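Student: Could you walk me through this one? I'd like to go from the inside to the surface.

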Amino acid sequence: MELIAKILIAIVALEHLYILWMEMFAWETKGKEVFKAALPPELFKPTKGLAANQGLYNGFLAAGLIWSFFIDDPQWQTNIALFFLGCVAVAGIYGAISATKKIFFVQALPAILAIVAVLLK
């Protein structure tokens with residue numbers, strides 16, 4: 001179960017690194033493709049700074065999850081992983097409520113599955 005937990009944590013971290021890249025560096029290209037149903041095309045340029053700020057926060061979530069792999073103490077490793085996975089899950093649930101239900105499945109559900117795996121290891 002420990003290997004599954006680490007794989008799920010890595011998947012969530014990689015997803016948030018991708019979101020960082022898209023929101024900070026590819027908002028007007030890839031972001032426009034991903035969020036075409038949520039925003040009209042003319043709003044991508046004026047919201048570039050807002051998206052970059054969101055991307056930075058996603059990068060912090062990824063950094064915390066990656067950090068958990070380098071912690072030697074098993075209890076601290078678990079606590080740090082659970083903290084950052086919990087942040088991702090809460091953000092995904094909030095996004096599902098406030099923006100689109102798809103965010104739950106893309107962001108919150110992988111984090112919740114990782115939380116379960118971490119708790120069962």
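Tutor: Let's start with a term: a nonpolar core is a set of buried Ala, Val, Leu, Ile, Met, Phe, Trp, Tyr and Cys residues joined through side-chain atoms within 4.5 Å. Buried means under 20% relative accessible area, exposed over 50%, and partly exposed in between (1.4 Å probe, protein chains only). This is a predicted model, where local features need pLDDT of at least 70, side-chain atom pairs count only at pLDDT 80 or more, and totals for chains, interfaces and linings use all residues. Residues are numbered from 1 along each chain as its sequence is written, and side-chain values use heavy atoms, with hydrogens and water left out.

Student: Which residues touch the most other members of the largest nonpolar core?

Tutor: In general, nonpolar side chains of soluble globular proteins tend to be buried together. Here the largest nonpolar core has 17 residues, and the ones touching the most other members are Ile9, Leu65 and Leu85.

Student: Which helix gives the largest share of this core?

Tutor: Helices are DSSP runs (H or I, at least four residues), numbered from the N terminus. H1, H3, helix H4 (74–98) and helix H5 (102–120) each supply at least two residues of the core. The largest share is six residues, and it comes from H4.

Student: What is Leu85 in contact with, leaving aside neighbours within four places in sequence?

Tutor: Contact means heavy atoms within 4.5 Å. Leu85 is among the buried residues of H4, and what covers those includes H1, H3 and H5. With those sequence neighbours left aside, the contacts of Leu85 are Ile9, Val12, Leu65, Ala111, Ala114, Ile115 and Val118.

Student: How far apart are the end C-alpha atoms of H4?

Tutor: The expected span of a helix is 1.5 Å times one less than its number of residues. H4 has 25 residues, so it should span 36 Å, and the distance between its end C-alpha atoms agrees: 36 Å.

Student: What covers the buried residues of H1?

Tutor: H1 has 24 residues and reaches 34 Å from first C-alpha to last, close to the 34 Å expected. Its buried residues include Ile9, Val12, Glu15 and His16. Their cover includes helix H2 (30–34), H3, H4 and H5.

Student: Is Trp67 buried, partly exposed or exposed?

Tutor: Trp67 sits in helix H3, and it joins Leu14, Leu17, Ile66 and Phe70 in a nonpolar surface patch of about 520 Å². Patches take residues with over 30% relative accessible area and no salt bridge, joining like charges within 9 Å and nonpolar side chains (Val, Leu, Ile, Met, Phe, Trp, Tyr) within 5 Å; areas come from the Shrake-Rupley method with a 1.4 Å probe, and for residues only the protein chains shown count as cover. Because its relative accessible area is 45%, Trp67 is partly exposed.

Student: How many salt bridges are there?

Tutor: A salt bridge is a side-chain nitrogen of Lys or Arg within 4 Å of a carboxyl oxygen of Asp or Glu. Lys48 and Glu28 meet in one (3.5 Å, N to O), linking distant parts of the chain, 20 residues apart. Glu33 forms one with Lys30, with the closest N and O atoms 3.3 Å apart. By this rule the count is two.

Student: Why are Glu33 and Lys30 separated by about one helical turn?

Tutor: Glu33 is partly exposed at 47% relative accessibility, and Lys30 is partly exposed at 28%. They are about one helical turn apart because, in helix H2, their separation is three residues.
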